[in-house]
Amino acid sequence: MSGVIAWLSHCSVAGVPLTADVLGQFFQFETLVSVFLNGLAKASLYIMIATGLTLIFGLMGVLNFAHGSLTMIGAYLGGTVLTALVASTTGDPARFVLFFGAVVVVFGTLTVFGGLLEVTLIRPLYDRPPIYQILLTFGVTLVLDELARIVVTFYGLQPISDWQAALGTKPDILTRSVTVGSVSVPGLALFEIVFGVVTVLAIHAFLTRTRYGLIVRAGSDDSEMVSALGIDVRRVFTVVFALGVGVAGVAGTLLLWDPNWGASVPLATETLLPAFVVVIVGGLGTFRGTVAAGVLVGLVDSTMTWWFQNAIQFTGLPEMMVFLVLIVTLIVRPQGLFGLAEVGGH
């Protein structure tokens, strides 16, 4: 290690020397803990964004290109609820209650919308080649993005930059850092970690502790066999697609308070790309792989963000490293960390 540090101390990136001081600062306990916790916060967001995509592809084999747009709609819908109910005098406890109320509203609304979308548009194409479903969902995302752009422009919500009024509904406690000993972590990062862990445990319990979850897992392995047992697989498809869309909306609501994301029309594209990266790295259609890949990508992103802020002058470094993880995975293990040889048995 000392030899590597000595060699790096003579290197430079973009004219900025990688001094031994910077390396020493990175390997300090406080820095490593801070980077780790920020990585878990990013992982929570990535897992939330990708989970709906994984559920839909795992059972139905449908690659939903409209997933990012549905996340964006969830952010705007959650922001609408919060800006309508939160005032300047609303305290932090009430803001948290209203946030979870907004999550319930968004999940319910988008779940119903997802069910209608599957029945009216996706279902007629199950017997056609997958390219038809890809083109359909791609067309849906273009329509949803333009409709959102028209609406937010009409109401003056700044379609390009983040929706500042919605960001202002965040509790004050989440705008400050929490200090434990010598480690300081943003309160929002801790909230995102807790929210992500609870969501992952809830989805895991649904898949492993309920009869419907058992049917979903069996259908992911062999939908024809499940259908032969007398189970209406098409109805299961509708329920899973609706739940996947609902989870995408919840992810959008969580992103609403994060200044790195916020509610904006470009959020559709900004969330779709990392969702695909996490799903592919984890293995198409595997929830366990999505969680593992989300943690991996989150930690890589957090580490590279620290280096970008402290030593390396290259603004695209974190995003570049995330896609480098995707490239390496496709070369070394094309099926992903927990991928199967074949998914989507229908």
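This passage describes the fold, the nonpolar cores and the salt bridges of a predicted model. Residues are numbered from 1 along each chain as its sequence is written. Local features need pLDDT of at least 70, side-chain atom pairs count only at pLDDT 80 or more, totals for chains, interfaces and linings use all residues, and side-chain values use heavy atoms, with hydrogens and water left out.

The chain holds 13 helices and 4 strands, taken as DSSP runs (helices H or I, at least four residues; strands E, at least two) and numbered from the N terminus. Of its 346 residues, 48% are buried, where buried means under 20% relative accessible area, exposed over 50% and partly exposed in between (1.4 Å probe, protein chains only).

Turning to the interior, the largest nonpolar core has 55 residues, among which Phe 99, Phe 191, Phe 195, Trp 257 and Trp 307 touch the most other members. Such a core is a set of buried Ala, Val, Leu, Ile, Met, Phe, Trp, Tyr and Cys residues joined through side-chain atoms within 4.5 Å. Helix H11 (residues 267-282) gives the most to this core, 9 residues. A second, separate core of 29 residues includes Ile 47, Ile 203, Phe 241 and Phe 287.

There are 3 salt bridges, each a side-chain nitrogen of Lys or Arg within 4 Å of a carboxyl oxygen of Asp or Glu. In one of them, Asp 127 meets Arg 234 (3.8 Å, N to O). Asp 127 lies in the loop between helices H5 and H6 and Arg 234 in helix H10, so the pair ties together parts 107 residues apart in sequence. Asp 127 is exposed at 72% relative accessible area, while Arg 234 is partly exposed at 33%.
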